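Here is a quick walk through a single-chain model, written for someone who likes to have the numbers next to the picture. Keep the viewer open as you read.

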Amino acid sequence: ALAFRQVDVLEEKLGDLDEAARCYEQIIREIAPGDVDGYRRLRRLHLRRGETRRACELAELELFLCAERDTPAERLALALETARLWWDRLQDAQRATVAFERVLEFDAGHPEALAALRRLYHRIGAPERFVALAPQLFGVLEDHQERQVLLFEVAQVWENDLDDPQQAFDWYRRAYDLYPEDGRALEELKRMAEAHAFWDELLTVYEQARSHELSRGGGASQE
């Protein structure tokens, strides 16, 4: 504690941020390697110095060290701040991806983290991780048009990046089932049936669509 107070003098009284950072690093390395407050002070100091990468590295250590002390909400806030820095300020897609995935460990439905990972998985070429995330993404979207865009996006990734036409057909079918008034999904289903001989699957789509129409019509006539 005395050593940290001496460094505080360098930082606050004398304004020597570089020397203060050097002393903090030495204290944490040699005297207090597990001191959460020390990591926190040093992280904030590096941010003031513009050493964003080092600040992010320290934040990740801090998240590990503060597991039993800080509340889940506090750890979530730090994880989110770190993820934003990795991407917004440093443009490090790989580290930002890991950081936003860590945010989901605290809040599996965090909208900002999910939206960021949607972009980042495309950026780093991780189609398997993108399609695995798709149900969570769909769950946080409320706008019907945005949901429809996502369904098409997932179908295209299955078809073009993962070379799985059956999965692609299934996702286009989801789009058609949810939004039958938009003819684009049906056109894609027809195209895939022709390309991959999915005639039985396409027939099932038509039969179910016809059954739904009859059900709706029957309900209306009963009223």
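How do the residues lining the largest cavity divide into nonpolar, polar and charged? The split is six nonpolar, one polar and two charged. Bear in mind throughout that this is a predicted model.

## The cavity

The structure has one cavity of 30 Å³ or more, and the space in the largest cavity comes to about 30 Å³. Its lining is made up of Arg 43, Leu 47, Ala 55, Cys 56, Ala 59, Leu 78, Glu 81, Thr 82 and Leu 85.

Three helices, α3 (36-49), α4 (52-65) and α5 (72-89), each put at least two residues into that lining. The top contributor is α5, with four residues.

## The overall fold

Zooming out, the chain has 12 helices and zero strands, so reading along the sequence gives α-α-α-α-α-α-α-α-α-α-α-α. Of its 223 residues, 42% count as buried.

As for contact range, take the contacts in the chain with a separation of 6 or more: 47% of them are between residues 24 or more positions apart.

## Helix α5

Back to the helix that gives the most to the cavity lining. With 18 residues at 1.5 Å a residue, α5 should span 26 Å, and its end C-alpha atoms are 25 Å apart, which agrees.

The buried residues of α5 are Arg 75, Leu 76, Leu 78, Ala 79, Leu 80, Thr 82, Ala 83, Leu 85, Trp 86 and Trp 87. Of these, Leu 78, Thr 82 and Leu 85 also appear in the cavity lining. The cover over the buried residues of α5 includes α3, α4, α6 (93-106) and α7 (111-124). Just after α5, Gln 91 takes a positive phi of about 55°.

## Glu 60 and Arg 118

Here are two charged residues to click on. Glu 60 is found in helix α4. Buried or exposed? Glu 60 is buried, with a relative accessible area of 18%. Leaving aside neighbours within four places in sequence, Glu 60 is in contact with Thr 82, Trp 86, Arg 95 and Arg 102. Two of those partners, Thr 82 and Trp 86, are on the list of buried residues in α5, and Thr 82 is also one of the residues lining the cavity.

Arg 118 has its place in helix α7. Arg 118 counts as buried at 18% relative accessibility, because the cut-off for buried is under 20%. Beyond its neighbours within four places in sequence, Arg 118 is in contact with Phe 130, Leu 133, Leu 137, Leu 141, Val 149, Leu 150 and Glu 153.

## Cysteines, and a pair across the chain

How many disulfides are there? The count comes to zero. Cys 56, which lines the cavity, is buried with a relative accessible area of 1%. Cys 66 counts as buried too, at 0% relative accessibility.

Val 98 sits in helix α6 and is partly exposed, with a relative accessible area of 40%. The C-alpha atoms of Val 98 and Leu 117 are separated by 9.2 Å, with the two residues 19 apart along the chain.

## Helix α10 and the loops

Helix α10 (residues 165-178) has 14 residues and reaches 20 Å from its first C-alpha to its last, close to the 20 Å expected at 1.5 Å a residue. Its buried residues are Ala 168, Phe 169, Trp 171, Tyr 172, Arg 173, Ala 175 and Tyr 176.

Which residue in the loop between α9 (144-161) and α10 is worth a look? Asp 163 is found there, and Asp 163 has a positive phi of about 55° although it is not a glycine. At 64% relative accessibility, Asp 163 counts as exposed. Ala 197 lies in the loop between α11 (183-196) and α12 (199-222). The phi of Ala 197 is near 60°, a positive value in a residue other than glycine, and Ala 197 is exposed, with a relative accessible area of 51%.

Definitions and conventions. Residues numbered from 1 in each chain as written. Predicted model: local features only at pLDDT ≥ 70, side-chain atom pairs only at ≥ 80, totals over all residues. Heavy atoms only, no water. 1 Å grid on protein atoms, 1.4 Å probe; cavity = no way out; pocket = protein on both sides within 12 Å on 5 of 7 lines; lining within 4 Å. Points joined across faces, edges and corners; volume = space filled by probe spheres on them. Nonpolar A, V, L, I, M, F, W, Y, C, P; charged D, E, K, R; others polar. Expected span 1.5 Å × (residues − 1). Buried < 20%, exposed > 50% of the residue type's maximum accessible area, 1.4 Å probe, protein only. Contact = heavy atoms within 4.5 Å. Disulfide = S-S within 2.5 Å.
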